[in-house]
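Reader: I'm new to this one and would like a close look at a single part. Could you walk me through it?

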Amino acid sequence: MERALLGFAAALCVCGGCVTGIMEGKVAVQAVESIGKNPDAADKIQSMAIIGAAISETCAIYCLLVAFLIIFILGA
Amino acid sequence: MEFQTTILSIIIITITMALLLFYINKKLREYNPLEKPKGIVLLVIMFGQMIDKMVKEKTNERVAKYLTPYIMSVVAYIFLSNIAGLFSLETPTSNYSVTLVLGALTCILIEVYSFKERGTKGYIKSWFEPLAPFVLVNILSKISTLLSLSLRLFGNILSGGILMSVIYQMLGSISKMIPLIGNLNVVGIIIAPVLHFYFDLFSGIMQAYIFITLTISFIGKELPNQ
């Protein structure tokens with residue numbers, strides 16, 4: 001019973017990644033759109049988009065880490 | 001204190017990288033600048049030019065002279081350790097100590113450049129900006145830089161490794177259903193390479209790139225605008 005609850009908690013944790021996935025897709029969409037409008041600035045936009053995506057990804061990684069902690073430390 | 005298994009692969013990676021650097025150094029010394037570069041020399045020159053361009057875009061010439069070699073060695077180390085999973089070693093970057101050290105080095109560099117640019121008085125003042133009570137917020141923001149840099153690399157590589165081992169177990173139990181040769185994990189041999197390509201190669205290169213891009217832009221933020 002306890003183990004099942006822990007698994008459920010870990011699964012709930014990872015749900016935080018959903019929003020991050022959508023928003024990171026949005027970053028990519030905006031980057032592609034602005035490169036289409038202004039192809040000369042492609043280099044700058046690319047590095048900005050990667051930094052933006054990487055920083056917003058941090059949230060999802062924290063969710064994942066908490067899930068790992070629950071599974072491997074509480075569940076062990 | 002228990003022995004961590006990643007220490008062995010850290011030692012192997014470090015020795016490999018040292019030998020590789022000695023070899024490249026020897027090749028570069030023999031290289032005649034008037035000739036056309038080829039082989040590993042060409043690769044190293046292209047890599048150096050790429051990193052140099054990236055650093056110069058965000059910082060100035062003076063900083064780039066010292067920052068480029070550091071960035072090059074960091075990206076080589078992270079790349080080698082991320083793809084260690086391909087050679088059936090445990091990836092060193094899935095040990096939090098390694099990524100914490102890499103993140104701490106970046107944070108120290110940020111502080112050093114901030115100190116150099118602003119002088120002693122300006123540096124102390126920068127901790128109390130814009131008002132004196134904001135010192136707590138400033139301290140928290142420095143800690144969060146360290147945490148996010150190191151945890152990003154750690155989380156990505158660790159999750160890749162765990163997913164790979166889970167997939168291997170699953171494929172192993174599927175291939176047990178095949179009679180006679182089932183115990184050899186036949187299905188794993190067919191399906192796993194594609195996933196290795198994504199989890200080890202692609203995300204390894206991507207994470208190394210993101211790490212250095214963030215390092216360069218955090219340092220570039222401390223410098224005055226050209």
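Reader: How many nonpolar, polar and charged residues does the lining of the second largest pocket have?

Author: Happy to take a look, and keep in mind that this is a predicted model. By class, that lining has 19 nonpolar, nine polar and two charged residues. The second largest pocket itself holds about 800 Å³ of space. Its lining counts 30 residues, and the closest to the centre are Glu24(A) and Glu57(A) from one chain, with Asn156(B), Tyr198(B) and Gln207(B) from the other. As for elements, those giving two or more residues to this lining are α2 (16-37) and α3 of chain A, plus α5 and α6 of chain B. The largest share, ten residues, comes from α3(A).

Two of those helices turn up again where the chains touch. There, 19 residues of chain B are in contact with 14 residues of chain A. Together the two chains bury about 1300 Å², with 74% of it on carbon and sulfur atoms. On the chain B side, Leu151(B), Arg152(B) and Ile162(B) lose the most area to chain A, together 29% of what that side buries. The rule finds zero salt bridges across this interface, but it does find two residue pairs in polar contact. α2 (40-58), α5 (135-175) and α6 (186-222) of chain B each give two or more residues to the side that touches chain A, and α5(B) gives the most, with ten residues. Sorted by class, that side has nine nonpolar, seven polar and three charged residues.

Methods: Residues numbered from 1 in each chain as written. Chains lettered and ligands numbered in written order. Predicted model: local features only at pLDDT ≥ 70, side-chain atom pairs only at ≥ 80, totals over all residues. Heavy atoms only, no water. Contact = heavy atoms within 4.5 Å. Buried area = accessible area lost by both parts, 1.4 Å probe. Salt bridge = Lys/Arg side-chain N within 4 Å of Asp/Glu carboxyl O. Polar contact = N/O pair within 3.5 Å; in protein donor to acceptor, adjacent residues only side chain to side chain. Helix = DSSP H or I, 4+ residues; strand = E, 2+ residues; numbered from the N terminus. Nonpolar A, V, L, I, M, F, W, Y, C, P; charged D, E, K, R; others polar. 1 Å grid on protein atoms, 1.4 Å probe; cavity = no way out; pocket = protein on both sides within 12 Å on 5 of 7 lines; lining within 4 Å. Points joined across faces, edges and corners; volume = space filled by probe spheres on them.
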